[in-house]
Structure formats: C-alpha cells, structure tokens
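Let's take a friendly walk through this structure, one region at a time. Have the model open beside you as you read.

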Amino acid sequence: MRRTVAEHQAAVAGLLQAGGGTRRAAEVLALRDAPGRALAEDVKAPVNLPPFDNAQMDGYAVHAADLAGTAPLTVADPIPAGIAPPPLAPGTAAPIMTGAMLPAGAAAVVPIERADPDRFYSDAERADGTATVRLPGGIDAGLFVRRAGSDLAQGGTALRAGALLGAAQLGLLAACGVGEVRVAPRFRVLLLSTGNEVTEPGADLAPGRIYDANTTLLEAALREAGADVTRHRLLGDDPAVLREDLATITAGSTDLVLSTGGISQGAYEVVKQALADSRVEFSSVALQPGGPQAHGTLAGVPFLGFPGNPVSAIVSFEMFLRPALSRVTGVPAPRPVLGAVLAEGVDSPPAKHQVRRGIYREGRVSLVGGPESHLLHALAAANCLVHLPEGVASLPAGSRVEVTLIGPIPVEPLASGAPIAVYRAASGGMDSAERTPT
Ligand SMILES: Nc1nc2c(c(=O)[nH]1)N[C@H]1C(S)=C(S)[C@@H](COP(=O)(O)OP(=O)(O)OC[C@H]3O[C@@H](n4cnc5c(N)ncnc54)[C@H](O)[C@@H]3O)O[C@H]1N2
Ligand code: MOO
C-alpha cells in the first residue's frame, strides 16, 4: 500500500494511542528522579511563592511613614535572611539582607549603595543605639520588595498535567516545597535489529558483514526521547526463528515492538516474511529516506518496522515515532521546526517528501552529504533535517524551506565586553547593573 507522510504519521499515532502504553498507573518519583518525565496530574502551589514579603536588595528597610522625608533615621537591629523580624518603628531603618523577611511597618527597601553612609554599621558601632542613616527622599512604596505570592499565589496551578519536567519546572516544584511528583509511566520499547550481516560493535568483522549501527542509534534516540528501551538479541535472517521469537510477546509486556531492516523487496526480507500472515501491514510511504514501513500489532502490542538503512531508520523515528510519542505521552517535547533559506540549490524526487540533512545557522541551512540513506557520518555532522515536500523537483539557492532541529545550533563565543544581560528591576526607578563578561 502506498501512502503519504501525513497518512503514516496519523497511523503511527493512532497505533500508539490504541496500544494503551499511556494508560498504565502513574509513578511517584522524587524530584531528582523526575527530569524528562511528564506530570500525571496538575500540581497546585501549597505555599505562596515567595512565601512572605522580602527584600530584593541588601539595604535598609524603610517604614511607610518615612518614605518621603530625608531626615536621619535611627538604625535598628539588622535583619538577616532566615529570621522573623520584630516590627519596624517609624523613624527607624533596619539593615536588611536580600531574601530577608520584611518587618511589619516597612514599605520599601533602599539599596545600601543609596544610603549615607553607604556601608553597614558594625555591631560595635550600633551598640549605643545612636547610629543613624540618611536615605534619599521620595521613595516609592514597594521599592525592592518582593511580595508574597507575586510569583505564584498559594493554591494556584504550578504546572498542569502533561507538563514536561525539565530543570525549570522541577526547580519551581522544589521552591513550592513539593518533594515528590506523580508522573506518567515511561513508554517501553522492545528494540530488535535483523539481518545476517549485522555484527555487534567491538567484535571482529567478518568479510561481507557490517557493524550494527541501528540498535545503538535507535536506542539512544528513544532514550533521549524519554522511552525505556529493552534490546532484543540480534536476530538473523530466518523468518521461522523470528516468528518463534515474536510469538513470546504478550499483551502488556511492552508498549511497542520496533524492528529495523527486512521489510523491502529483497529475497530475504525476514520481518516481512515472518509477519506475512499477521496484523502487520507493509507499506510504501512517499518519503525518502524512510520509504518502506511496517506497522500493526503483535498479540495486541503495537509493532513498527523501520527500514534497515541507518539514516532511513532515524528519519523514520523523527518523522513518525517521535511525534507520535510526543502527541500520545507528552514526552518528548516536539522538535522545533523553523523556516530557513537554502544556501545552495537542490534536486528532489517530486513524488516523495525528501528529507535531507543540514546545518542550520542564523536563518540559513547548508546541506550535509547527499540524499542517500547510508550516510551516517553526514548525519552526525548535521543539526537539522531539511524538508523538500512532495511535488518539489528542484529548489534554487535562496529558496525558503522548513527544517526540523535535531541538534544544537552552533554559536560564536560572545565578543569580549559585550553585555550578556541587562536586567531592569520590576519595582521601577533603580536599574540593577549591566553585567559584562570579564
Ligand atoms: N528492489 C528494491 N530494493 C530496495 C528498495 C525497493 O523499493 N526496491 N528499497 C530500498 C530502500 S529505500 C531501503 S530503505 C532499503 C530497506 O531495506 P530493508 O528495510 O529491507 O533493510 P535491509 O535490506 O535489511 O537493510 C538495508 C540496508 O541497511 C543495512 N542495515 C540493516 N540493519 C542494519 C543495522 N542494524 N545497522 C547498520 N546497517 C544496517 C543493511 O546492511 C543494508 O545495507 O531497501 C532498499 N532496497
Ligand atoms: O527509503 Mo530508503 O529509506 O531511501 O533508503
């Protein structure tokens, strides 16, 4: 059967959805074990974030009654972070450190650099209670005060079910005091490679044989995408042996069986022959590489057969399985798809969606290697897949194409002295300093 890329994408997503791999019980994990997992339920903030009004700068806490004036204020006891301070009396200013709780009565914090003197008194200097400080008048209420709940109010939704847990999301949960999370179960994949010619990397290579790249390639891709992978022993080219092997698969034992190789037009297509009378369909998708595809079920377990050429296998993963996993389980996050200008002209078979490998940078994409599906070295140098859709026979340099990012975009080191961050304080008036790399 011949089908379009979109038709096969829908078929694979439907297969995983029906497979029920996402309906297993959620797991409860400590935050440190949860990177890369998807939340199984909404998480509400059990506390305000921040939990209390606190100082955004090291400086003086100023009473609401003293914001306007410039008269000297008596210096009160200092307030370090981590204590509950006594109330602040009018006519006094308390040295307060970043993150310390604002005392009752205080309405603003003036950074120490704006105070006169512009340094904190020592305990000895404050001992007789006569130390004073002058602050600039006309201070806005709320200056350098971080209000309780201003980031997230208690009871508010911190993260929704399905959220992918990365560093920022886990950091937020930790800040809220949440120690454990319920996450969706990992998607389990049984991965098998076929072919008499494939040899385990590290072993001696007999004439006519090649090393097994696909198991490592797909296992790494699947793990990176959040799946739990079990490798099946390398299988030869005997359909009877493979059929026997696959007969041991039982419903619920895994969420997906994924094979590579043995599905096209040869005389020894082991997967095709072993599954001839099964619920697996062999089709030709209008995609290059990645044309031959197999999908269906084995004992109710979803099955996908990718072509044996390594680039065909990884393009199949990126085009069909990764988006389906993303849609069905929430993990991994979808790949970014960007518009880019082709650095060179390119030809493509118009009856197929061709996927070339490229290096994307600053809006331009250069192709790496040719269209052939054995070019692993070029794949390893690429950071994107370049899409030349069905109907396109050739594109001149300068044409716009879509690229899917699969690796990091190269960046130049920052020129010395260039600003790396300019932060403007939300409370207005005083800007924090521009930071420059040294
Ligand atoms: N007459 C035709 N021949 C082929 C067609 C076709 O339509 N008509 N399609 C070609 C395309 S496109 C592809 S892709 C391949 C797919 O073939 P199979 O899925 O049956 O895969 P194999 O024949 O087993 O292997 C293809 C290729 O990949 C190498 N291989 C296999 N497994 C591994 C592995 N684990 N690690 C590294 N390399 C592997 C294998 O040695 C072959 O070179 O068929 C074309 N032929
Ligand atoms: O479709 Mo095959 O996957 O081009 O090499």
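A good place to begin is where H1 passes H7, in a right-handed crossing. On the H1 side, the contact is made by Val 5, His 8, Gln 9, Val 12, Ala 13, Leu 16 and Gln 17. Facing them from H7 are Met 319, Phe 320, Leu 321, Pro 323, Ala 324, Leu 325, Arg 327 and Val 328. Sorted by class, the residues of this contact of H1 with H7 come to eleven nonpolar, three polar and one charged. Please keep in mind throughout that this is a predicted model.

How should we describe the geometry of such a pair? Two packed helices are described by the angle between their axes and the distance between the axes. For helix H1, which covers residues 5–19, and H7, the axes come within 9 Å and cross at roughly 45°. H1 is therefore oblique to H7, since an angle has to be under 35 degrees to count as roughly parallel.

H7 has another partner to look at. H4 and H7 pack with their axes 10 Å apart, at an angle of about 20°. That angle is why H4 counts as roughly parallel to H7. H4, too, passes H7 in a right-handed crossing. Here Asn 214, Leu 217, Leu 218 and Ala 221 of H4 meet Pro 310, Ala 313, Ile 314 and Phe 317 of H7. By class, the contact of H4 with H7 has seven nonpolar residues, one polar residue and no charged ones.

Now let's turn to the ligands. Which residues come nearest to ligand 1? Of the 26 residues around ligand 1, those are Asn 214, Gly 261, Ser 264, Pro 307 and Gly 308. The elements that give two or more residues to this shell are helix H4 (214–224) and helix H7 (310–329), the pair whose packing at about 20° we have just seen. Asn 214 also appears in the contact of H4 with H7. The shell around ligand 1 divides into eight nonpolar, 15 polar and three charged residues.

Ligand 2 has its own surroundings: Gln 288, Pro 289, Gly 290, Gly 291, Pro 307, Asn 309, Ser 312 and Ser 373. Pro 307, listed here around ligand 2, is also one of the residues that come nearest to ligand 1. The shell around ligand 2 has two nonpolar residues, six polar residues and no charged ones.

Stepping back, we can look at the whole protein chain. Its domain assignment gives domain 1 (2–24 + 186–329), domain 2 (27–49 + 151–183), domain 3 (54–146) and domain 4 (337–405). Taken over C-alpha atoms, the centres of domain 1 and domain 3 are separated by 67 Å.

Finally, a few backbone details reward a look. The peptide bond from Leu 49 to Pro 50 is cis, and its omega is near -10°. Pro 50 sits in the loop between strand E3 (43–44) and strand E4 (54–55). Asp 116 and Pro 117 are likewise joined by a cis peptide bond, with omega about 5°. You will find Pro 117 in the loop between strand E8 (106–111) and helix H2 (123–126). Phe 144, a residue other than glycine, has a positive phi, near 50°. Phe 144 lies in the loop between strand E9 (132–133) and strand E10 (145–146).

Conventions: Residues are numbered from 1 along each chain as its sequence is written. Chains are lettered from A and ligands numbered from 1 in the order in which they are written. This is a predicted model: local features need pLDDT of at least 70, side-chain atom pairs count only at pLDDT 80 or more; totals for chains, interfaces and linings use all residues. A residue is near a molecule or strand if its C-beta atom, placed from the backbone, lies within 6 Å of it. Helices (H or I, at least four residues) and strands (E, at least two) are DSSP runs, numbered from the N terminus. Ala, Val, Leu, Ile, Met, Phe, Trp, Tyr, Cys and Pro count as nonpolar, Asp, Glu, Lys and Arg as charged, and the others, Gly among them, as polar. Domain bounds come from an automatic or database domain assignment. Axes are lines fitted to C-alpha atoms, for helices over the stretch in contact, and angles run from 0 to 180 degrees between N-to-C directions. Angles under 35 degrees count as roughly parallel, over 145 as roughly antiparallel, 65 to 115 as roughly perpendicular and the rest as oblique. A crossing is left-handed if the near helix is turned anticlockwise from the far one by less than a right angle, and right-handed if clockwise. Two residues are in contact if their C-beta atoms, placed from the backbone, lie within 7 Å.
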